[in-house]
Amino acid sequence: MSRLDSFIRRLTAQRDILNAIIDLVGETPGPVLEFGLGNGRTYDHLRENFPGRRIVAFDWEVRSYSASTPAAEDMVTGDIRESGQAFVSIGAALAHADIGTGHDEIDAVTLTWLPQLMAGVLAHDGIAVSGLPLEHPELMALPLPEGIKEGRYFLYRRT
Ligand code: SAM
C-alpha cells in the first residue's frame, strides 16, 4: 500500500471513529480535550459533532487555520506531556490524541506518558480516541466501527 493510501485510510478511520463516538459520549458531562491541534481539522470536526461542549486544544504552538483556532482560554501551548498535567482529574467526556509521528522511536517516547495522561484526564466512562495504542489498566478497548482495520486508530472507554 502506498503512503498516500495509508494516509487516506488513517484519516478515514479517524473521521469514522469521531463520528461513531457521538452516542458513546452521549450525556457524559465534561469537556472535550484535543491533544494535537495541528491544522485544526479534527478540532473543527469535534466542534461540529459536539456543539455546546467546551473543547480545549493543545499543541506546541498555534498553527491552525484561523477559523479552526480555539479562543485563547481554550488553547494550551507547550509540551502536552507537561501542559496536560494541569487537566488531570478534570473529568473530560472525550479525549482525542492525534500526536503520533509515524517514527517508531519518537512514538515510543510519547507512549511512556500518553496512556497515563489520557486515563487521568477522563471522567469515569469517558472516551479516549488515539492515533497511538494506549495500554493502561483503566482504558478498556472498544470495538471499532465496521470497516476499520484493527491497529489503524484506537478507541477506549475509561473504566
Ligand atoms: N488532528 C490534527 C488535525 O486534524 O489538524 C492534526 C494533528 S498533527 C498530526 C499532530 C500535532 O500534535 C502537531 O501539530 C504537533 O505539533 C502536535 N504535537 C505532537 N506532540 C506534541 C507534544 N508533545 N506537545 C505539544 N504538541 C504536540
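## Pockets and ligand surroundings

α1 and α4 each supply at least two residues of the lining of the second largest pocket, and of these two helices it is α1 that gives the largest share of that lining, 4 residues. The structure described here is a predicted model, and the values that follow are computed from it.

The second largest pocket holds about 430 Å³ of space. Of the 16 residues that line this pocket, Ser6, Phe7, Arg10, Thr101 and Gly102 are the closest to its centre. Sorted by class, the lining of the second largest pocket consists of 4 nonpolar, 6 polar and 6 charged residues.

The largest pocket contains about 760 Å³ of space, and this pocket is the space taken by the ligand. Its lining is made up of 30 residues, among which Gly36, Gly38, Asp98, Ile99 and Gly100 lie nearest the centre of the pocket. Several elements take part in this lining: α1 (3–25), α2 (41–49), β2 (55–59), α3 (80–83) and α4 (104–110) each supply at least two residues. The largest share of the lining of the largest pocket, 6 residues, again comes from α1, the helix that also gives the largest share in the second largest pocket. By class, the lining of the largest pocket comprises 11 nonpolar, 11 polar and 8 charged residues.

Around the ligand itself there are 15 residues, of which Thr42, Asp59, Arg63, Ile80 and Asp98 come nearest. This shell divides into 4 nonpolar, 6 polar and 5 charged residues. Asp98 thus appears both among the residues that come nearest the ligand and among those that lie nearest the centre of the largest pocket.

The following table lists polar contacts between the ligand and the protein.

| Ligand atom | Protein partner | Distance |
|---|---|---|
| oxygen | polar backbone atom of arginine 41 | 3.1 Å |
| nitrogen | N or O atom in the side chain of threonine 42 | 2.7 Å |
| oxygen | N or O atom in the side chain of arginine 63 | 2.9 Å |

With these contacts in place, the protein covers 80% of the 600 Å² of accessible area that the ligand has on its own. Threonine 42 and arginine 63 each meet the ligand through an N or O atom of the side chain, at 2.7 Å and 2.9 Å respectively, whereas arginine 41 does so through a polar backbone atom.

Definitions and conventions: Residues numbered from 1 in each chain as written. Predicted model: local features only at pLDDT ≥ 70, side-chain atom pairs only at ≥ 80, totals over all residues. Heavy atoms only, no water. Near = heavy atom within 4 Å. Polar contact = N/O pair within 3.5 Å; in protein donor to acceptor, adjacent residues only side chain to side chain. Areas by Shrake-Rupley, 256 points an atom, 1.4 Å probe, with all protein chains shown as cover. 1 Å grid on protein atoms, 1.4 Å probe; cavity = no way out; pocket = protein on both sides within 12 Å on 5 of 7 lines; lining within 4 Å. Sits in = over half its atoms within 2 Å of the grid points. Nonpolar A, V, L, I, M, F, W, Y, C, P; charged D, E, K, R; others polar. Points joined across faces, edges and corners; volume = space filled by probe spheres on them.
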